[in-house]
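Me: I am new to this structure and should like to understand the terms used to describe it. Please set each value against its definition before drawing a conclusion.

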Amino acid sequence: MRFSVPGPRSLAGQLFAMQAVLIAVVVAGYALFTYVSDRSQAEEAATRQARAVARSVADSPSVLQAARTSAPSAELQPYALKVMRDTEVDFITIMDPRGIRWTHPDPDQIGQPFRGHTEKALKGQTFTETYTGTLGPSVRAVTPIRDGKKIVGLVSAGIRVEEITERVQDQLTALLGVAAGALALGAVGTYVINARLRRHTHGMNAAQLSRMHDYHQAALHAVREGLLMLDGQYRVALINDGGRELLGVAGDVVGRSVADLGLPAPLTGALLASEPRVDEVHLTASRVLVINTSPVSGGERRGTVVTLRDVTELQSLMGELDSERGFTQALRSQAHEAANRLHTVVSLIELGRAEEAVEFATAELELAQALTDQVVAAVSEPVLAALLLGKTAQANERGVELMVSEDSSLDDGLLPESLPSRDLVTILGNLIDNAVDAAQGSVRARVTVAAYTQDTQDTQDPEDTQDPEALDDAPELVLRVSDTGPGVDPEHAEAVFQRGFSTKPAGPGGRGLGLALVRQAVQRHEGTLSVSEAPGGGAQFEVRLPLRESGAVAEGVTSGTSVSRGAGGDA
């Protein structure tokens, strides 16, 4: 025969059992205390009652008069029985000084000696005691009958202990009824409260809740994605380690409002929005984040759950992929043009015009080589040179001439390892793309690019520098891109760098991210980014990035003139 072992009770069940036992113990303790207290009070009341009756009988003139006769029992027995009935005492015994009874509830006991102590009464005192007599244990009072100064008799009045117990039992029965009612009411209240608690804890016991809390904490800190929970007042209720890292917040932020975390305004607005956000891209000082928000509702707004994903690396890789795709398209375009020129050369040879074919091929080779020589001579840094060659071919396809300024001078190996080529591609590639977009369709559409290094002291005014040591040989990389487009409205000079701002219609992939990424990359390297009007019209964007590694810049740094950049693109 198998016996099933009951599993651990739920937390609500454990609390119900504990509260029920607690209520039962409290009620039982109160009942016991009340019973003892009531019994003590009943004994005191019986003692006072017996004392009062005994004194009243002893002071009665008829009792004193009867005590003087030769046969007191004839008059005192009826009197004693009547007083017993009126005062609800169990016995009244009147006796002579020797203790011989004159009265008794049992007539057969008349003339018998009194069972009890009379010494104090014979000395003129009234006293009480509990003694076992002919009627059983009783609480009695004994007092003298005085005839002047002479004691002519004694009176004893008493109440049986059994009678006192019956009185207490009647009170105890009522008390137990009240206690049972209190226990039932407490049990019902406890059951209702614990039924609600059971719904909130889903019937789990304390061990299960503790284990779930441990899993929750482990998962919260192990997940790499950021998790942020806001309450109904948009205060931080919970944030994991990933969320702190991605948002760049430190210290105890729980309980603080989202508006007080110092986040970028667009990101703060997204977190404070009441409607859900799905895969929305936002930029912080050093990261590109994708956020999703979902409100927590239960009849009323209870808060918001926010998930954060870091796509900084992904965005950089996508920028590199776009650049590679641009290179591929440029090579395809050049291959197409080369095929057309080759067909032209072959056709001239077939027509017997070999000299014209040689002249045509030579001219094309010289043109292509001149473009390559121009770019490489100005910018021999391989990544930037490849980027400029690819962007030149793309611009030509769109009817825009891309030129490298004669002031450009950037040798290979000049840039330090602290300035990765990925960031240069992000910065210069987005600036050129926006410039080409802005210049396209304009008269003599042109984009001019300048890239060179320059000492910081060449651009600083000694009077504006508080620290003379700051005027040392501190080189910086200068990138300028200008276009012949419509330019940038001075009122929008700061807004163009905000994510989501664009002067062009939004495309399938959205607008307003390119310049925001440029600004983020520049700030990551503690550089500066500015926009102004180009000398020949259009817009000019200038980036200055400090080169921190010593010996990274060769001697004889050239200082170039301003070059510009377009207003369109992803601005």
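Reply: Two strands are said to pair if DSSP finds at least two bridges between them. In this predicted model, β1 and β4 (residues 150-160) have five bridges in the antiparallel sense, and they therefore count as paired under the rule of at least two bridges. One such bridge has Ile-92 with Ala-157 in β4 as its partner.

Me: What makes β1 and β2 edge strands of their sheet?

Reply: The sheet is open and has four strands in the order β1-β4-β3-β2, with antiparallel pairing. β1 (91-95) and β2 (127-133) each have a single partner strand, so one side of each is left without a neighbour in the sheet. From one strand to the next, the twist averages 30°.

Me: Why is the pairing in the five-strand sheet called mixed?

Reply: That open sheet has the order β10-β11-β12-β14-β13, and its pairing is mixed. Its edge strands are β10 (401-404) and β13 (528-533), each of which pairs on one side only. On average, neighbouring strands are turned by 15° against each other, direction ignored. As for the sense of pairing, β10 and β11 (residues 446-455) run parallel and are joined by four bridges. By contrast, β11 and β12 pair in the antiparallel sense over nine bridges. Both senses occur in this sheet, and the pairing is therefore mixed.

Me: Which residues stand opposite one another along these strands?

Reply: Leu-402 stands opposite Val-447 in β11, and Val-449 stands opposite Val-481 in β12. β12 also pairs with β14 in the antiparallel sense, over seven bridges; there, Arg-480 has Glu-542 in β14 as its bridge partner.

Me: How do you know that β12 is largely enclosed by the rest of the structure?

Reply: A residue is buried when its relative accessible area is under 20%. Nine of the nine residues of β12 are buried, so the strand is largely enclosed by the rest of the structure. Both of its faces are covered: Pro-475, Leu-477, Leu-479, Val-481 and Asp-483 are buried on one side, and Glu-476, Val-478, Arg-480 and Ser-482 on the other. In the chain of 571 residues, 39% count as buried.

Me: Which helices lie across the strands of this sheet?

Reply: Helix α12 (residues 421-439) lies across β10, β11, β12 (475-483) and β14 (539-546), and runs at about 20° to β12. Helix α13 (residues 514-524) lies across β13 and β14, at about 135° to β13.

Me: What makes α13 largely enclosed?

Reply: Eight of the eleven residues of α13 are buried, so the helix is largely enclosed by the rest of the structure. The buried residues are Gly-514, Leu-515, Ala-516, Leu-517, Val-518, Gln-520, Ala-521 and Val-522.

Me: Why is Glu-526 called exposed, and why is Tyr-234 called buried?

Reply: The cut-offs are over 50% for exposed and under 20% for buried. Glu-526 has 58% relative accessibility and therefore counts as exposed. Tyr-234 has 17% relative accessibility and therefore counts as buried.

Me: What is the phi of Tyr-234 and of Glu-526, and where are these residues found?

Reply: Tyr-234 has a positive phi of about 60° although it is not a glycine. Glu-526 likewise has a positive phi of about 60° without being a glycine. Tyr-234 is found in the loop between β5 (226-231) and β6 (236-239), while Glu-526 is in the loop between α13 and β13.

Me: What makes a space in this structure a cavity, and how many of 30 Å³ or more are there?

Reply: A cavity is a set of points where a 1.4 Å probe fits but cannot get out. The structure holds one cavity of 30 Å³ or more, and about 90 Å³ of space lies in the largest cavity. Its lining includes Phe-91, Thr-93, Arg-101, His-104 and Phe-114. The elements that give two or more residues to this lining are β1 and β3 (136-147).

Me: What can be said of the chain as a whole?

Reply: The chain has 13 helices and 14 strands. Among its contacts with a separation of 6 or more, 61% are accounted for by residues 24 or more positions apart. The accessible surface comes to about 31,400 Å², and 54% of this belongs to carbon and sulfur atoms.

Terms used:
Residues are numbered from 1 along each chain as its sequence is written. This is a predicted model: local features need pLDDT of at least 70, side-chain atom pairs count only at pLDDT 80 or more; totals for chains, interfaces and linings use all residues. Side-chain values use heavy atoms; hydrogens and water are left out. Axes are lines fitted to C-alpha atoms, for helices over the stretch in contact, and angles run from 0 to 180 degrees between N-to-C directions. Contact means heavy atoms within 4.5 Å. Buried means under 20% relative accessible area, exposed over 50%, partly exposed in between (1.4 Å probe, protein chains only). Accessible areas come from the Shrake-Rupley method with a 1.4 Å probe; for residues, only the protein chains shown count as cover. On a 1 Å grid over the protein atoms alone, a cavity is a set of points where a 1.4 Å probe fits but cannot get out, and a pocket is an open set with protein on both sides within 12 Å along at least five of seven lines; lining residues have an atom within 4 Å of a point. Grid points are joined across faces, edges and corners, and a volume is the space filled by probe spheres set on the points.
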